[in-house]
Amino acid sequence: MEAGFDTIEIHAAHGYLIHQFYSPKSNTRTDEYGQDKALFGVEVIKAAKAVMPADMPLIVRISAQEYGKDGFDSDYGVEIAKRFADAGADMLDISGGGDGVLHKGNHPEFYAGYQVSLAEKVKKATGLPVIAVGMLDEPAVADHVLGLENADLIAVGRALLRDPYWVLNAQFNQNAANSGEMQFVPRQYVRGFM
């Protein structure tokens, strides 16, 4: 907050600590954190919200389904999402996965937007805005997901590693067919898009 950020996102997916607590596969504790596997994440969210300004959004990234051997399904993921929403999360960043080991018969087919259905399911169940992920590298696909209202935001990862100007190029390609307006292009870069 002191550095001027206007949003905080807690990473509670992909085998990181909070995910290890809510995952039945990794959390074999017998104490209260084993009896209520969402409790640790709930406490972290409440602690963050207690010191954040009231108007600052808290995003929580979750694995809404584990793809490894004996991983949990999306119904369980939705229950975790509901608990985190009730704890104070303002938006959920919906991904899938767990320990990084894919198991035959328990992982998705990989295609553009393959995890969007998880985001849509969580959005409907919680009423919170969601971020969709999952090979949404093509601007037209990302725009389609937003247009269908399957998600409220799109997260693009690997495509930005390959092309740090992904947003500018996406806008340029979109606007070349339309108005030519370049709202995301810094003034110093405009000549490069003419």
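**Notebook: two helices and three positive phi angles**

I began with a loop: Asp70 sits between β2 and α4. The model I am reading is predicted. I looked up the backbone of Asp70 and found phi near 65°, a positive value in a residue other than glycine. I then checked its surroundings; Asp70 is exposed, with a relative accessible area of 62%.

I turned to another loop, the one between α6 (139–147) and β5 (153–154), where Glu149 is placed. Its phi is near 60°, again positive in a residue that is not glycine. I noted a relative accessibility of 58% for Glu149, which counts as exposed because the cut-off for that word is over 50%.

Next I examined helix α3, which runs over residues 39–51 and has 13 residues. From its first C-alpha to its last I recorded 19 Å, close to the 18 Å expected at 1.5 Å a residue. I listed its buried residues as Leu39, Gly41, Val42, Ile45 and Ala48. What do the buried residues of α3 pack against? I found β1 (8–12), α1 (17–22), α2 (32–35), β2 (58–63) and α4 (74–87).

My last helix was α5, residues 116–126, in which Val116, Leu118, Ala119, Val122 and Thr126 are buried. These residues lie on the same side of α5, because they cover an arc of only 155° around the axis. Among the elements covering the buried residues of α5, I noted α4, β3 (91–95), β4 (130–132) and α6. Just after α5, I recorded a positive phi of about 80° at Gly127.

Terms used. Residues are numbered from 1 along each chain as its sequence is written. This is a predicted model: local features need pLDDT of at least 70, side-chain atom pairs count only at pLDDT 80 or more; totals for chains, interfaces and linings use all residues. Side-chain values use heavy atoms; hydrogens and water are left out. Helices (H or I, at least four residues) and strands (E, at least two) are DSSP runs, numbered from the N terminus. The expected span of a helix is 1.5 Å times one less than its number of residues. Buried means under 20% relative accessible area, exposed over 50%, partly exposed in between (1.4 Å probe, protein chains only). Contact means heavy atoms within 4.5 Å. The arc is that of the directions from the helix axis to the C-beta atoms.
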